[in-house]
Amino acid sequence: MVKDKYVWLVALFVASYIAWVAVSGFLASATMFSGSIHDQKVTRMQGISSVDSLIVGGSNAVYSLSAERLSELSGETWFNGALPREGFTRENMAAFVDDFINSVDADNVSTVLISSNRHWHVDRRDSSAEPESTPQPQSKQELGFDGIRDSPFWLPSKSLWDFVSGPPAKVFPTIISGQGDLLHDATDLCRPNLRSVPTEWGTDRDIDVLLETWLPLVHSRFPDAAIVITIPSRYTADPVDPAASGDYLERLQSKIEAWIGAQPDSDGIQVSTVLETNYDDPSLLCTTGPHYNATGRLLRTDALYEKLIEIGVKNGR
Amino acid sequence: MAKSLVDRAVPRFGFVAQFVVVVLAGFTLTALTAISNRNSSTLWIDVVHVVMPALASVLVIGLVRSGVLPPLATRAFAYVIFFSVAALTATGFMSVMNGLAVSSPNPFLYGYSFYSASLAYLVLMEGRSASFVRTFDIANPLMLATGPLAISVASMRHWSIRGRLHYFFPFFLVGVFFFIVLGLGLGPALAIKEQLNLVSGLVFGFVFELFIYVNFAGLSLIVYAVAGILGIRVPLNFKQPFSASNILDFWKGWHLSLSSLLKELFYKPIRARWGTYAAVMVTYLASASWHGMTLNFAIWGFLHGAVFVVSIALLKRKHTIWAFIIFPPTVVIARMIFGTPSFDSLIAIVNHVPTLEDAKLAALAVFDWPTETHIALALSIALVVVEFAFRRTPLLIGRNYKFLRVRVTQIVLMAAIVLFTTGRIGDVIAAYGQR
């Protein structure tokens, strides 16, 4: 019999810690915005038998691209597999794509559309500045952004203190449609981004990071699919400088060619780029963020589909 | 009472046993993480991380033991090993060590700065009598992953496992509290470095100093405790550095394994020839080069060296209050310089005239930190204040965290760990480790 009270205290501490790690893990995915989207997309994927085209990428595609609309336009089955913050981490996104492959017939996927906002350089000096038109957020947690990263398995996803004293966790209802689209009307979700939109085109290093993040992952999981890297449409009052965008596209394409050239199966790899059309109509935007609302999403999706036909990735109906 | 198997094994196989235990634990953790992330690619990297340092240690020890090198060349060899880190960062093979770039970009150079420094010390101090057994602590993954250097390591033959647990477990708990509750909590605050202006820079310098302290001291305490429980005594790498009233006292408690090494390699020989002030300056510049061959580190080393020299002069003249006044700003400004990613960024900070808007932006950023970060900041500041304010009381005068190891504070620490730990903020990183 151990008589030392300290030993019992340590045992109680270890047991409490392990118990909270377990409980917080269950609580986290149901009450985190990002976690809810992730989990609901996995569930929706499992309800689809075959997918022809897949959208991956970040929050721009979560809010502002519609797989259902693309399916209507093309007659194919599209699925929107984009995740906020591009899946929190590369490993998380890879696990998500693996879930996707396991739940549908990956061989049927003919096109993977990568829609990432990482084409723009985030200037360190400006990254914390708030856009003038954006009301100051009361708190990120209030918006449901309490889960932007995965916890290691040995740490609780949420602190016990936060659980007890913080605002009630937001439990998200069904916010993802059968094809992975965000249901804009389901709840007041259309206010995700709290920061200004970067306007400077990405540096060579930014392009490297973007390609390193996406191309190996998509190509390894869908080796036969045509890959399209789209530069997402965005709200901007100023017209895009064609010289700057041309220079960026040239650098992007040369990096893509270099990447393809370095692959052992380079002959069979098809990667295209699309520069989407921008809009200067603020009524297309979510109330406080740079992503599009349901109307803007429709406009962007239609215009993107036209571009996919233009570059020959899709044939139209 | 018959001794347990562990008690009997420690004197004979202590170094080997703790190496094996640490390697097995490391592989288990990697495997569990790989299963959790469904990614097994990290497993082979672990093998490289274990094999390369061990191989390098065996080669270096073998070379000096062989007697091929005469005594003077052996000494020179120690300096070559030490400065190889500077050469590797200057040529771009290794990243700098600013507490932010934490991972080694090259798996074959994992932990190189740590085991090369330990080897330099071993070669200098022991020369031909260096033992191959030292490979097991110099190349110990636990040390390489966290940062303390493997110098002055000894087997504790006289302590039973029960005695070791009783003494070392409270250190473990203090380390976990530092690293997890305070370190992870402070993580999000470091993003303020992105605002390149002096106001935010100073806030960053202050918070980053706290972060490096709790992160590195936390891990060092965990290593100290785990090694102690396994029967190996490693030096206490941090000794309440803020129980100090000047910069000299501060360095008596900060990263002591590196300080001991620098003392033998640079301070002692140079002081004997050119005096204390030159020895101090060279030692800090050598330390700067070990962190990375950049102008930022050179300025950081020069600043610390200069203030150290000035403080010696002030203390000699009994101006203790002035030695105290220059101490906190030096630590904060030096840390800002240390953590700023490039010289250009540093120039941008210095050239930017502080405005009210800068202060407003900094305040907004601070306000926007998660609750856990505010709690961690408050607790970290409280820790520093207690270390300083009660430094002459019996519980703190020994500078070995006794005030955090007494029963009542241990209960508070346990409660804090259960209450405030979360993995959703901050990164589980060793700020000084792995490079």
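1. B:S200 is buried, with a relative accessible area of 0% (buried means under 20%, with a 1.4 Å probe and protein chains only). This is a predicted model in which local features need pLDDT of at least 70 and side-chain atom pairs count only at pLDDT 80 or more, while totals for chains, interfaces and linings use all residues. Residues are numbered from 1 along each chain as written, chains are lettered from A in the order written, and side-chain values use heavy atoms, without hydrogens and water.

2. B:S200 sits in helix 8 (residues 198–229) of chain B; helices (H or I, at least four residues) and strands (E, at least two) are DSSP runs numbered from the N terminus. Beyond its neighbours within four places in sequence, B:S200 is in contact (heavy atoms within 4.5 Å) with B:I192, B:Q195, B:D358 and B:A362.

3. Helix 8 is worth a look for another reason, too. The largest nonpolar core (buried Ala, Val, Leu, Ile, Met, Phe, Trp, Tyr and Cys residues joined through side-chain atoms within 4.5 Å) has 130 residues, and B:F178 and B:Y213 have the most contacts inside it. Helix 8 of chain B gives the most to this core, with 18 residues.

4. Over in chain A, five of the five residues of strand 1 (residues 53–57) are buried, so this strand is largely enclosed by the rest of the structure. Strand 1 of chain A pairs (at least two DSSP bridges) in the parallel sense with strand 2 (residues 78–80) over three bridges and with strand 3 (residues 111–115) over five bridges. A:I55 stands opposite A:N80, and A:S53 opposite A:T111.

Notes
Buried < 20%, exposed > 50% of the residue type's maximum accessible area, 1.4 Å probe, protein only.
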